[in-house]
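Visitor: I have just opened this one and would like a walk through it, please.
Guide: Gladly; here it is.

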Amino acid sequence: MPPDIAPNPQPTRPALSRRFSVAPMMDWTDRHCRYFLRLLSKNALLYTEMVTTGAVLHGDQERFLGHNETEHPLALQLGGSNPADLAACARLAEAAGYDEVNLNVGCPSDRVQNNMIGACLMGHPALVSECVKAMLDAVSVPVTVKHRIGINGRDSYEQLCDFVGQVREAGCRSFTVHARIAILEGLSPKENRDIPPLRYDVAARLKTDFPDLEIILNGGIKTLDDCREHLQVFDGVMLGREAYHNPYLLAGVDSQLYGSSQPPISRSEALAALRPYIADYIGRGGNMHHITRHVLGLAQGFPGARRFRQLLSVDIHKAESPLALLDQAAQLLEGR
């Protein structure tokens, strides 16, 4: 299918800031999700799903690197551990227009571990440093790292400082810290997002000990009040599941965290703004559900939310006129 084309692409890009970002989430933060989230916040930094170097180098580059101009500021997250491959992918990302390249050192799944990707790399700081340096030497856009505070068997604060210190020496200046360790045996990726306790104190100590670095906090943040509190300590906050399941939270980001004087977009306005994008996608043979699966949380907390979700996740599969169904769902958001 051709790349997604915005009905009204923005001529200029907003500046990249990591004060607030939405985490890379597999199967969730695809291009349709990011287009929708951008309607809610102009300033939030958005991340792609993690893409492996093998997929970028040997797969469909339009599928893995394609994006809409309106998604910026936008970062590509890469999974890999071969410095040459990562450098080649970083060059492709820069050529494709990404504002940042991020290395995944936090994913705990068995599948990525077997390919030396993700959290297991915390046990190999010298290799991560080599990877980061290779990417920095290859591109002019920022190269950043997202990691845990440790892994089982290497979870002391001293070992965390050793990891961050070595990667800093390679030239990395921005670290997004998921404030949990990753347990690489015995827990699923989902369990690794909940069972290891959150240790904001460890991440805060890291900021104190590395004041020259940009430290972004990730893990368990649910409200903009939480964000403001953490921003007293950290340089930025990253939200994951909460931003996905309760996307309207992003509508307050620009005014509450960036000082924008523009009134936030309403829920009904956001869905109306998404409609031309959906119509264009359907017109090119796409399935509306590929997009609307990302907006199910838009009605969260309101009467009619269950019906809204049913229309866009169940009824959609048997609808003869998907856009008519979308308009029916939109009526449930009128005035909200």
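The chat below goes from the overall build to single residues.

Guide: One caution to begin with: this is a predicted model, in which local features need pLDDT of at least 70 and side-chain atom pairs count only at pLDDT 80 or more, while totals for chains, interfaces and linings use all residues. Residues are numbered from 1 along each chain as its sequence is written, and side-chain values use heavy atoms, with hydrogens and water left out.

Visitor: How many helices and strands does the protein have?
Guide: There are 16 helices and 8 strands in the protein; both are DSSP runs numbered from the N terminus, with at least four residues for a helix (H or I) and at least two for a strand (E).

Visitor: And what do the 8 strands make?
Guide: They make a closed barrel with parallel pairing, in the order E1-E2-E3-E4-E5-E6-E7-E8, where two strands pair if DSSP finds at least two bridges between them. On average, neighbouring strands of this sheet are turned by 30 degrees against each other, direction ignored.

Visitor: Which helix lies across E1, E2 and E3?
Guide: That is H1, which lies across E1, strand E2 (45-52) and strand E3 (74-79) and runs at about 170 degrees to E2; axes here are lines fitted to C-alpha atoms, for helices over the stretch in contact, and angles run from 0 to 180 degrees between N-to-C directions. Helix H7 (residues 157-169) also packs on the sheet, where H7 touches strand E4 (100-105), strand E5 (143-151) and strand E6 (174-182), and its direction makes about 165 degrees with that of E5.

Visitor: Back to H1: how many of its residues are buried?
Guide: In H1, 9 of the 10 residues are buried, so the helix is largely enclosed by the rest of the structure; buried means under 20% relative accessible area, exposed over 50%, and partly exposed in between, with a 1.4 Å probe and protein chains only. The buried residues of H1 include Arg31, Tyr35 and Leu40.

Visitor: What caps the N-terminal end of H1?
Guide: Aspartate 30 does, with a side-chain oxygen 3.1 Å from the backbone nitrogen of histidine 32.

Visitor: How many aromatic pairs are there?
Guide: The count comes to 2 aromatic pairs, taking rings of Phe, Tyr and Trp (its six-membered ring) whose centres lie within 6.5 Å, and calling planes under 30 degrees apart stacked, over 60 edge-to-face and the rest tilted. Tryptophan 28 and tyrosine 244 form a stacked pair, 4.3 Å centre to centre with 10 degrees between the planes. Tryptophan 28 lies in the loop between strand E1 (20-22) and helix H1 (31-40), and tyrosine 244 in helix H11 (residues 241-245), so this pair ties together parts that are 216 residues apart in sequence. Tyrosine 35 and tyrosine 277 are stacked as well, 3.9 Å centre to centre and with 15 degrees between the planes.

Visitor: New topic: where is glycine 219, and is it buried or exposed?
Guide: Glycine 219 sits in the loop between strand E7 (214-218) and helix H10 (224-230), and it counts as buried because its relative accessibility is 6%.

Visitor: What does glycine 219 touch?
Guide: Not counting residues up to four places away in sequence, glycine 219 touches His178, Arg180, Leu198, Tyr200 and Met238, a contact being heavy atoms within 4.5 Å. Glycine 219 and methionine 238 are 19 residues apart in sequence, with 7.6 Å from C-alpha to C-alpha.

Terms used
Polar contact = N/O pair within 3.5 Å; in protein donor to acceptor, adjacent residues only side chain to side chain.
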